[in-house]
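This report looks at two topics: cysteine pairing and the main pocket. Please keep the sequence and the model in view while reading.

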Amino acid sequence: WKEKDDLLVVLRAEASKLRISSDGAEVLNQALAYGSAKNRKAIVKSLKEHAAEMALDPDSCVALLRAMVSVDDTKLLKEQLVIPLISASTTAELAEICTDTIGHLAVVQMLVANSASYVPKHMLERLQPVQRPNPKTKDKQLAPTTKKPQEKRRAELAAAALPGLLDFVEKDVHGLATDEFGCRVLEQVILTCNEVLNSPEAHLSKCLGEGERETTIARLRELVKTVAKLSVEVVTEDEDVEEDEEDEEAPLPLAEDRIGHRLLKRLIKAKVGGGGDDAKAAEEDLCMMLLDAMESGMADKWTRGNRSAFVLSAILEFGSKAARKRLLQLLKPLHSELNNDKKASKGTKVLVKCAASSK
């Protein structure tokens, strides 16, 4: 391994050039996987100014993802990769990364490492933990190339990235929620904040510190309120519609949007905002906020709409006891009419079936 380490010393000087080609990017990935802490540090530093560009490339993005699960020095990662990707980029550049087929993976990786829910299988296979002979042992037994526990590394990275990502997602919740890849970034930001809310003793909460933790929880509550509001109506800054925009398809409320309604279902399943049955948790629960919106004249529309009805079914399946009880009360006067509607949408039929089984 001495010869290999000597080779890495040469390679690290050219790390920024290796990112350009597919083969070079894979060499970079392997260098970060097997390299010493000193070599990794040099490589990460050389990639700082190219981080945003690499995030959008299907080959060099793997090296970014690898750095986030292999480099033990999370302070270095924060300064050289996390901050350049989030804070140093303009809002437009970060929006491009977050809504890109590949780019969003670099952002999500800061919050949850190597998640099979987001990272494609062919990429995950190139990001698995590796081992190399440990020169400190007599028989040079194989040992992991990273020393820091993965959960601790992930918590430190997430704590560094979360404030900046909250700043970003708060600016365009509807745009991200209705984008195929942007919704993944928004979802993971919300789920990470929800983890902070529900797990005060977890690594992530401790990394944030008490003050930042309370701030994160407060921002989560406002974000959940915004999601609930956008589920019913689309709030636009400019009410005047230009003549050439009149024929464009108007944005839909999240509960009626193809991507947005699926995001709502996943957030409901994750019990975002509360999920408990006590009064305080119910007040902050996403399900209860959605039902507040539904009660304001939207009950008939939501129960008959295909996508919105699926959202309501998710509340019956995964919502708190208080949310399920309240929804069943709202459905009671509509049950007979919905059950006898021969033209009912698939979502409505599923809702009626869920309501019947929940009684």
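How far is the sulfur of C61 from the closest cysteine sulfur, and why is there no bond? The closest cysteine sulfur belongs to C98, and the gap is 12 Å, which is too far for a bond. This is a predicted model. A disulfide would need the two sulfur atoms within 2.5 Å. The structure holds zero disulfides.

C287 is likewise in no disulfide. The nearest cysteine sulfur, in C354, is 13 Å away. C61 is buried, with a relative accessible area of 0%. C287 is also buried, at 2%. The table sets the two cysteines side by side.

| Cysteine | Nearest cysteine sulfur | Sulfur distance | Relative accessible area |
|---|---|---|---|
| C61 | C98 | 12 Å | 0% |
| C287 | C354 | 13 Å | 2% |

Now the pocket. The largest pocket has a volume of about 610 Å³. Its lining consists of 23 residues. Closest to the centre are S36, R132, P144, T145 and K147.

Which elements each supply at least two residues of this lining? They are the helix α4 (37–47) and the strands β1 (131–133) and β2 (142–144). α4 gives the most, with three residues.

What is the chemical make-up of the lining? Nine residues are nonpolar and nine are charged. The remaining five are polar.

Methods
Residues are numbered from 1 along each chain as its sequence is written. This is a predicted model: local features need pLDDT of at least 70, side-chain atom pairs count only at pLDDT 80 or more; totals for chains, interfaces and linings use all residues. Side-chain values use heavy atoms; hydrogens and water are left out. On a 1 Å grid over the protein atoms alone, a cavity is a set of points where a 1.4 Å probe fits but cannot get out, and a pocket is an open set with protein on both sides within 12 Å along at least five of seven lines; lining residues have an atom within 4 Å of a point. Grid points are joined across faces, edges and corners, and a volume is the space filled by probe spheres set on the points. Helices (H or I, at least four residues) and strands (E, at least two) are DSSP runs, numbered from the N terminus. Ala, Val, Leu, Ile, Met, Phe, Trp, Tyr, Cys and Pro count as nonpolar, Asp, Glu, Lys and Arg as charged, and the others, Gly among them, as polar. Buried means under 20% relative accessible area, exposed over 50%, partly exposed in between (1.4 Å probe, protein chains only).
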